[in-house]
Amino acid sequence: MLRDSVEAGTFEEVFFAAPAKGETDTILRAARRARDAGRRLRRDVRVEGRSLTGLEGQLAALTDGAVRVLEEILTLARLNAGRVYPTYDYLAEATSLGRATVARALHVLDAIGFIVRQRRFKRVEAQGPGPRYEQTSNVYRACLPAGILRYLPRWMRPAPLPDDMLQREADRIEDTRAMLAGLGCRDLARAVIVDGPLAKVLAKFGAVIDEREREYHDDPQPLTDSSHSLPKRVGLAGQHSLA
């Protein structure tokens with residue numbers, strides 16, 4: 001099982017998002033403009049000999065093949081309401097590119113931010129003790145990365161949000177932060193982690209922490225001043241005792 005894989009069927013409803021009208025076309029146009037910017041950056045390196053920043057280096061690696069792979073992912077997103085999980089072999093056949101080229105293209109697209117991808121695994125029937133797992137296809141969501149906006153023409157850049165919308169978003173973030181701060185450990189685990197085995201384990205662990213904290217707060221405080229506040233009486237043996 002590959003690192004950072006998540007069990008299939010436990011997160012897809014949260015991960016997938018149907019693209020808005022015209023969104024896939026906007027992302028594809030931006031990718032083509034970013035590819036052209038990458039070509040100019042490669043030319044600047046040859047002519048001027050200057051070094052590239054991290055994002056500039058990623059744009060310089062954006063090839064026609066990478067844009068073609070993104071185009072296929074965007075097509076699947078448009079046709080399937082955002083549910084995109086092609087195999088490498090499917091993308092290679094659909095784009096007429098080699099499997100290794102597809103793998104490199106996905107890495108570049110992920111690094112720039114044009115896609116978000118998540119590895120998945122599934123449980124399989126097998127003899128012997130313990131569960132068995134195997135990798136299944138990755139899932140993908142296409143995005144318009146904010147880092148490339150300065151390389152796009154002005155007419156392609158999203159219009160700035162009005163001040164009232166920015167304030168509402170800031171208020172929403174603050175309300176969410178306050179809500180999470182008031183949750184116990186168990187409820188917090190359920191609120192911020194997608195459903196699955198990890199969420200269940202952390203929820204149980206949080207419940208134990210919450211119970212221990214309640215027991216700690218329920219303990220009575222020591223009555224350090226009780227000997228001064230309560231009346232004294234003399235016992236049969238002539239010694240003082242508390243009433």
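1. A search of the whole structure, which is a predicted model, finds 16 salt bridges. Three of these pairings are discussed below, together with helix H2 and the contact of two further helices.

2. Helix H2 covers residues 23-48, a run of 26 residues. From its first C-alpha to its last, H2 reaches 37 Å, which is close to the 38 Å expected at 1.5 Å a residue. Just after H2, Gly49 takes a positive phi of about 70°.

3. Which residues of H2 are buried? They are Thr24, Ile27, Leu28, Ala30, Ala31, Ala34, Arg35, Ala37, Gly38, Leu41 and Asp44. These buried residues pack against two helices, H3 (54-60) and H4 (64-79), and against strand E3 (132-142).

4. Within H2, the side chains of Arg39 and Asp36 meet in a salt bridge, at 3.6 Å from N to O. The two residues are 3 apart in the helix, so about one helical turn separates them. Arg39 has a relative accessibility of 38% and therefore counts as partly exposed. Asp36 is also partly exposed, with a relative accessible area of 27%.

5. A salt bridge also links the side chains of Arg43 and Asp44, at 3.8 Å from N to O. Are these partners buried or exposed? Arg43 is partly exposed, at a relative accessible area of 41%. Asp44, at 18% relative accessibility, counts as buried, because buried means under 20%.

6. In helix H4, the side chains of Glu71 and Arg68 form a salt bridge of 3.8 Å, N to O. Glu71 and Arg68 lie 3 residues apart in H4, so they are separated by about one helical turn. Glu71 counts as partly exposed at 26% relative accessibility, and Arg68 is partly exposed with a relative accessible area of 27%. Salt bridges that share partners join Arg32, Arg68, Glu71 and Glu72 into one network.

7. The last point concerns helix H5 (residues 88-95) and helix H6 (residues 99-112). Their axes come within 9 Å and cross at roughly 105°. H5 and H6 are therefore roughly perpendicular to each other, because angles of 65 to 115 degrees count as such. On the H5 side, the contact is made by Tyr88, Asp89, Leu91, Ala92 and Thr95; these meet Arg99, Val102, Ala103 and Leu106 in H6. By character, the residues of this contact divide into 6 nonpolar, 1 polar and 2 charged.

Terms used. Residues are numbered from 1 along each chain as its sequence is written. This is a predicted model: local features need pLDDT of at least 70, side-chain atom pairs count only at pLDDT 80 or more; totals for chains, interfaces and linings use all residues. Side-chain values use heavy atoms; hydrogens and water are left out. Helices (H or I, at least four residues) and strands (E, at least two) are DSSP runs, numbered from the N terminus. The expected span of a helix is 1.5 Å times one less than its number of residues. Buried means under 20% relative accessible area, exposed over 50%, partly exposed in between (1.4 Å probe, protein chains only). Contact means heavy atoms within 4.5 Å. Axes are lines fitted to C-alpha atoms, for helices over the stretch in contact, and angles run from 0 to 180 degrees between N-to-C directions. Angles under 35 degrees count as roughly parallel, over 145 as roughly antiparallel, 65 to 115 as roughly perpendicular and the rest as oblique. Ala, Val, Leu, Ile, Met, Phe, Trp, Tyr, Cys and Pro count as nonpolar, Asp, Glu, Lys and Arg as charged, and the others, Gly among them, as polar. A salt bridge is a side-chain nitrogen of Lys or Arg within 4 Å of a carboxyl oxygen of Asp or Glu.
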